[in-house]
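Colleague: I am new to this model and would like to look closely at a single part of it before I turn to the rest. Please take me through that part slowly, and then show me how its surroundings are built.

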Amino acid sequence: MDLKKLTSNVKQIQDDVLKEILTLNANTEYLRGYLHGSCDKELFKKNVPVVSYDDVKPYIERVVNGEPSNVISGKPITRFLLSSGTTAGKQKIFPVNNKFFEDMSFVIALRSFLISKHFQGGLKGKAVMFFSTRPQSTTPCGLPISTSITGYLLSDSFKNRPSNGFTSPDVVALCPDNKQAMYCHLLCGLFLSDEVVNVSATFASSLVGAITFLESHWKEMCSNIRSGHLSEWITDLGCRDAVTNILGGCNSELADRIEEECNKKSWEGIITRLWPKVKFIQSIVTGQNSQCIPMLEFYSNKVPLISTVYGSSETIFGINMNPFCKPQDISYTCIPTISYFEFILADEGNKGEIVDLVNVKIGSYYEPVITNYYGLHRYKMGDILQVSGFYNSAPQFRFVRRKNMVLSVNLEVTTEEDILKGLNNATPVLKNSDLVLMGFTCYADISTLPGHYIFYWELKAKTISDIVELDNKVLVECCCVMEESLCALYREMRSKDGSIGALEIRVVQQGTFNSLMELAISQGASPSQYKTPICINSSEALAVLESNVLACFFSDKSPTNL
Ligand code: AMP
């Protein structure tokens, strides 16, 4: 890997990428309308509009419905990707071809290189990787449509990867029944525990989900390992054959060891206890997934938590060059060869200017605008990033939040970042009562006057057999601490004229966030790409939460008002 070459001369690399994209796509219907066949950068900047999904949707839908790819893309489109779309509540569809997955393989290789650099003599061993897929369907034009992870798992890039570093056979990752897949992933991971050096999932929420699944299935798994016989409910033939093969014969010694660990009163450090050679946990823990950090730290005895890639169905964006940094220091270095990147300045009071990748300024906030190889031109990605530094001449970005994700009951604007900050400040308070936050989401309730914020919390006792005991004092204190972390206008409206009501925490039963995920999946979301929404506004999701409320707590004092 020539990191220097990849991250130096970024201006030249980006100019070349744009030239290549424009040459490829100059004669598409979309670009011809703006550029009349020209590949000139200045004309591109002057004439091609900056767009959102609704602007390009009609073009994409025409190709989906059977018109030739060259409505938008010079090279044939071979697949469509479904984005998780958790924010807008609707899934978006993006055209791609094999290059997307080749880029993904390149980034995965780059990631392995950066990780192994950290270990003298390299790192030998396997990963328990909780991959899961969604069944793919076909568009009217006959092309497959799937999530990006499913697309990758089905691609030649994945099939022909240089080595298989996973404990599970590929058929498990490809199993359309996610429950069977999860069971088999865990069983293979446990069976091969001596070889396991890392435990991974794309997003941290899937990893927490896997441990929760283990909690309810470990006895059955131990019995499978003890007898060498896989449970009958694993009916997917590919999984049955491959996993039975791995189980080989019976292994009562291993079953005893797992049983002993899982039977202990607390599951603190369970990951390192079950997989003693684990060197790190790999999972995205920035953005919405930062809420999983306390839980993962608890389960892993603080083994390094590494968050390596930032990307989307539109483009892969960046890689964490220093994967072993602390979660709060994670930044992603933009990979300039993958797409053409522009940035809209999003600093308070100074919004709107569009700059090239090389012209972003340290400390400023931006929304990326993507021009990719498959028909998106100057497309607003909807994330807000902050420039944190440079790696050679490649800018590095901290993920701040999804753009429009705000809570508001009055004139105040509460961003995702504010909410996460409030939560980070409240979780230490929870520690006093031996509780861990398993999941949260929030809602701006304006059905009563004044409106107020409701946080739904799923809590768990640190000691596995303990019942969750809710201490009124602690939870009221959590409400107060969260209010203290919100923006000045919130605090003013709440304390001065009472135009915002007291913040409320509604504690929900265990398993509620799982039901929320199942609801999203039943509506088409992908389990691997699913992220618990920070704010909820769907009435169906709210109904799930409301039917599980155990107790409510309110902030009992006004926040300080500076
Ligand atoms: P999808 O298109 O379904 O893969 O979702 C892409 C979105 O997931 C991005 O636009 C981000 O909002 C979020 N995302 C992806 N990677 C990261 C990351 N490393 N940190 C924070 N958010 C991420």
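Which residue in E15 does Ile 370 stand opposite?

Modeller: Ile 370 stands opposite Tyr 379 in strand E15, and, before I go further, please keep in mind that this is a predicted model. The strand to look at closely here is E14, which spans residues 365-371 and is mostly covered, with 6 of its 7 residues buried. Its pairing with E15, a strand made of residues 379-380, is antiparallel and runs over 2 bridges.

E14 has further partners, and they can be taken one at a time. Strand E12, residues 340-347, pairs with E14 in the antiparallel sense over 6 bridges, and within this pairing Phe 343 has Pro 368 of E14 as its bridge partner. Strand E16, residues 383-391, is joined to E14 by 2 bridges, and these two strands also run antiparallel; here Tyr 366 stands opposite Leu 385 of E16. As background, strands of a sheet pair through backbone hydrogen bonds, either parallel or antiparallel.

For a parallel pairing, you can turn to another part of the chain, where 4 strands form an open sheet in the order E2-E1-E5-E4, with mixed pairing. The edges of that sheet are strand E2 (93-96) and strand E4 (137-138), each of which pairs on one side only. Strand E1 (residues 79-82) and strand E5 (residues 144-147) run parallel and are joined by 3 bridges, and Leu 82 stands opposite Thr 147 in E5. Helix H5, residues 53-64, lies across E1 and E2 and runs at about 60° to E2.

A covered helix can be set beside the covered strand. Helix H15 (residues 293-300) is mostly covered, as 6 of its 8 residues are buried, and those buried residues are Ile 293, Met 295, Leu 296, Phe 298, Tyr 299 and Ser 300. They pack against several elements, including helix H11 (204-227), helix H14 (270-274), strand E20 (435-445) and strand E21 (452-461). Just after H15, Asn 301 takes a positive phi of about 55°.

Empty space inside the model is the next topic. Rolling a probe the size of a water molecule over the atoms shows where empty space is left. The structure holds 4 cavities of 30 Å³ or more, and the largest cavity has a volume of about 70 Å³. Its lining consists of Ser 290, Gln 291, Pro 294, Leu 420, Leu 423, Asn 424, Thr 427 and Leu 437. Helix H16 (residues 416-431) gives the largest share of that lining, 4 residues, and by class the lining has 4 nonpolar residues, 4 polar residues and no charged ones.

A single residue makes a suitable last stop. Ala 181 lies in helix H10, which covers residues 178-191, and Ala 181 counts as buried because its relative accessible area is 0%, where the cut-off for buried is under 20%. If neighbours within four places in sequence are left aside, Ala 181 is in contact with Val 172 and Cys 175. Lys 75 lies 106 residues from Ala 181 in sequence, and the two are 35 Å apart in space, C-alpha to C-alpha.

To return to the part you asked about, E14 is a mostly covered strand that pairs in the antiparallel sense with E12, with E16 and with E15.

Definitions and conventions: Residues are numbered from 1 along each chain as its sequence is written. This is a predicted model: local features need pLDDT of at least 70, side-chain atom pairs count only at pLDDT 80 or more; totals for chains, interfaces and linings use all residues. Side-chain values use heavy atoms; hydrogens and water are left out. On a 1 Å grid over the protein atoms alone, a cavity is a set of points where a 1.4 Å probe fits but cannot get out, and a pocket is an open set with protein on both sides within 12 Å along at least five of seven lines; lining residues have an atom within 4 Å of a point. Grid points are joined across faces, edges and corners, and a volume is the space filled by probe spheres set on the points. Ala, Val, Leu, Ile, Met, Phe, Trp, Tyr, Cys and Pro count as nonpolar, Asp, Glu, Lys and Arg as charged, and the others, Gly among them, as polar. Two strands pair if DSSP finds at least two bridges between them. Contact means heavy atoms within 4.5 Å. Axes are lines fitted to C-alpha atoms, for helices over the stretch in contact, and angles run from 0 to 180 degrees between N-to-C directions. Buried means under 20% relative accessible area, exposed over 50%, partly exposed in between (1.4 Å probe, protein chains only).
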